[in-house]
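Trainee: Could you take me closely through one part of this model, the contact where its two halves come together, and then follow the charged pairs outward from there? I would like one connected account rather than a list.

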Amino acid sequence: MDIAGIDAQAVAEVQKEVVDLLADLIRIDTSNPPGNETQAALFLDKWFRARGLEGEIVGEPAHRKNFVLRLEGTRPGPTLLLLAHMDVVPAEPPAWSVPPFAGVVRDDHVWGRGADDIKNLVAAHAVAVSRLAASGRDFAGTVIYAATADEEEGTDCGARWLVRNRPDLVKSDYLLNEGGGEFDVIRGERVYELNTGEKGTAQFRLTVHGEAGHASVPLRKGNAVVAAAQIIQALHEYDPEVHMEHLPVDYVRMLVDDADLCERLLDPVTARAALRELHERDDQTARLLEPHYGVTFSPTIVHSSSEAINVFPEKVEVTVDCRTLAGRGEDEVRAEVDRALAGIEAPWDLEFVGSVMGNASPDSSPLGDAIDRVMQRHVPGAKIVGLHCVGFTDSNWFRAAFPDVVAYGFGPYIEEDVSITGDLTHNHDERIHVKDVTFQAVFAEGLVRELLR
Ligand SMILES: [Zn+2]
């Protein structure tokens with residue numbers, strides 16, 4: 001699909017610049033670990049200097065720095081931060097059809113690690129900012145461009161470092177980050193996902209205690225392996241309490257055709273039974289919706305204290321990936337686990353192994369309105385649905401540090417829908433259509449002009 005509301009000449013200019021920059025960024029290997037994002041920060045510094053703009057390279061340690069540039073408009077107004085991380089997940093070359101760090105452009109795509117997560121936005125935002133500067137900074141307020149380190153693993157040196165150590169540089173009224181912008185075509189309509197918040201994590205380890213001893217005679221009670229199996233089953237079957245405060249109601253209505261089932265999905269009393277019914281009919285849709293109803297438990301690791309076949313272990317550990325709704329944390333998880341395991345006789349205890357409280361911005365805001373207006377100009381009829389991301393993004397650190405910031409994830413695609421783009425993140429043969437990264441640049445420039453009018 002072509003980009004409406006902008007002349008072909010401008011699109012061609014943006015495309016040339018953004019594709020070149022993205023390919024150059026992919027050629028700088030910022031696999032995390034170890035990251036080495038400073039190389040990419042230095043490259044961006046040079047790229048902006050060549051366009052008469054000066055930013056700052058900040059952060060620690062020395063090889064994991066961030067690049068931040070502030071551009072003042074000609075009139076006073078609010079501040080919008082365009083955020084994207086420079087690090088990428090590692091790539092295993094044998095699985096790829098192109099070398100993952102070569103920045104290959106072919107078949108209308110830019111190929112390589114980071115092409116879709118999220119050097120595309122590092123490049124798109126850079127081109128948008130440089131065009132805003134070149135055309136006279138005709139906006140009201142300040143645009144901050146931030147290309148950050150350490151998002152994929154660790155999350156210490158990038159966004160988190162900046163909000164702690166350089167709030168003067170990155171505190172903003174509005175923030176646009178990765179995490180949304182993919183589209184699906186539902187009953188003929190283009191539906192875009194706008195991430196208005198993120199779920200949290202409260203992963204935990206359950207230690208199940210048993211009676212150690214020789215296994216030649218079965219234990220009727222006290223085998224920690226059997227108790228662990230019961231615990232896993234109980235967690236799997238448990239229906240956590242339904243909380244609808246962040247349920248994307250419009251999205252439920254769009255995805256579920258059957259009006260009766262839809263109403264039951266929107267009623268907290270009937271929602272769990274309705275979700276089970278939806279799993280039977282359309283598992284894919286059920287899996288999209290279920291995480292928005294409450295806490296989720298996914299047991300992923302089981303470890304016995306004994307390696308010997310003929311010995312009952314003293315303890316078995318069950319590790320559970322647990323995700324919480326924004327604003328809800330460990331206390332609630334503990335209470336839910338207590339309820340889920342109420343029928344288990346064996347002694348167990350729970351230890352959290354890494355929790356981050358999820359957070360969210362308001363569903364509607366001037367930023368959301370501006371996003372909608374820019375989208376309507378370029379993709380007439382696009383529907384934008386706000387929902388919370390089940391994963392984690394750096395928006396979390398900004399919302400936690402600056403409670404007034406409105407932070408959304410949105411880097412819109414125009415050519416390839418989520419059935420294609422959804423599979424590419426962290427996968428081999430990661431790539432992006434040139435029209436998509438071009439549109440992401442056009443969109444970011446348009447958003448600054450629209451929001452900071
Ligand atoms: Zn990412």
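**Salt bridges and the domain contact**

Mentor: The structure holds 37 salt bridges, and since this is a predicted model, each distance given here is a property of the computed coordinates. One of these bridges joins the side chains of Arg187 and Asp257, with N to O at 2.6 Å. Arg187 sits in the loop between β8 (183-186) and β9 (189-198), while Asp257 sits in the loop between α7 (249-255) and α8 (259-265), so the bridge ties together parts that are 70 residues apart in sequence. Both Arg187 and Asp257 are exposed.

To place the contact you asked about, we need the division of the protein, which gives domain 1 as 8-181 + 368-376 + 387-451 and domain 2 as 198-356. The contact between them draws 10 residues from domain 1 and 10 residues from domain 2, and the C-alpha centres of the two domains lie 35 Å apart. Together, domain 1 and domain 2 bury about 940 Å², with 59% of that area on carbon and sulfur atoms. On the side of domain 1, Leu387, His388 and Val390 supply 59% of the area buried against domain 2, more than any other three residues.

The polar part of this contact can be stated just as plainly. Between domain 1 and domain 2 the count is one salt bridge, and there are four residue pairs in polar contact, both residues of each being at pLDDT 80 or more. The elements that give two or more residues to the side of domain 1 that touches domain 2 are β16 (383-389) and α13 (395-401). By class, that side of domain 1 has four nonpolar, five polar and one charged residues. A salt bridge also joins the side chains of Glu198 and Arg399, at 2.9 Å from N to O.

Strand β16 comes up again in another charged pair, since the side chains of Glu189 and Lys383 meet in a salt bridge at 3.2 Å, N to O. This pair links distant parts of the chain, with Glu189 in strand β9 and Lys383 in strand β16, 194 residues apart. Glu189 is partly exposed, with a relative accessible area of 34%, and Lys383 is likewise partly exposed, with a relative accessible area of 32%.

Turning to other charged pairs, Glu245 forms a salt bridge with Arg328, where the closest N and O atoms are 2.7 Å apart. Here too the pair links distant parts of the chain, for Glu245 lies in the loop between α6 (224-237) and α7, and Arg328 lies in the loop between β14 (315-324) and α11 (330-340), 83 residues apart. Glu245 counts as partly exposed, because its relative accessibility is 39%. Elsewhere, salt bridges that share partners join Asp258, Asp260, Arg264, Glu277 and Arg281 into one network.

For a view of a buried position, consider Thr201, which is found in strand β10 (residues 200-209). Thr201 counts as buried because its relative accessibility is 17%, a value set against the cut-off of under 20%. Leaving aside residues up to four places away in sequence, Thr201 touches Cys322, Arg323, Thr324, Gly354, Ser355 and Val356.

Definitions and conventions:
Residues are numbered from 1 along each chain as its sequence is written. Side-chain values use heavy atoms; hydrogens and water are left out. Domain bounds come from an automatic or database domain assignment. Contact means heavy atoms within 4.5 Å. Buried area is the accessible area (1.4 Å probe) that two parts lose on being put together, summed over both. A salt bridge is a side-chain nitrogen of Lys or Arg within 4 Å of a carboxyl oxygen of Asp or Glu. A polar contact is a pair of N or O atoms within 3.5 Å; within protein, one must be able to donate a hydrogen and the other to accept it, and residues adjacent in sequence count only if both atoms are side-chain atoms. Helices (H or I, at least four residues) and strands (E, at least two) are DSSP runs, numbered from the N terminus. Ala, Val, Leu, Ile, Met, Phe, Trp, Tyr, Cys and Pro count as nonpolar, Asp, Glu, Lys and Arg as charged, and the others, Gly among them, as polar. Buried means under 20% relative accessible area, exposed over 50%, partly exposed in between (1.4 Å probe, protein chains only).
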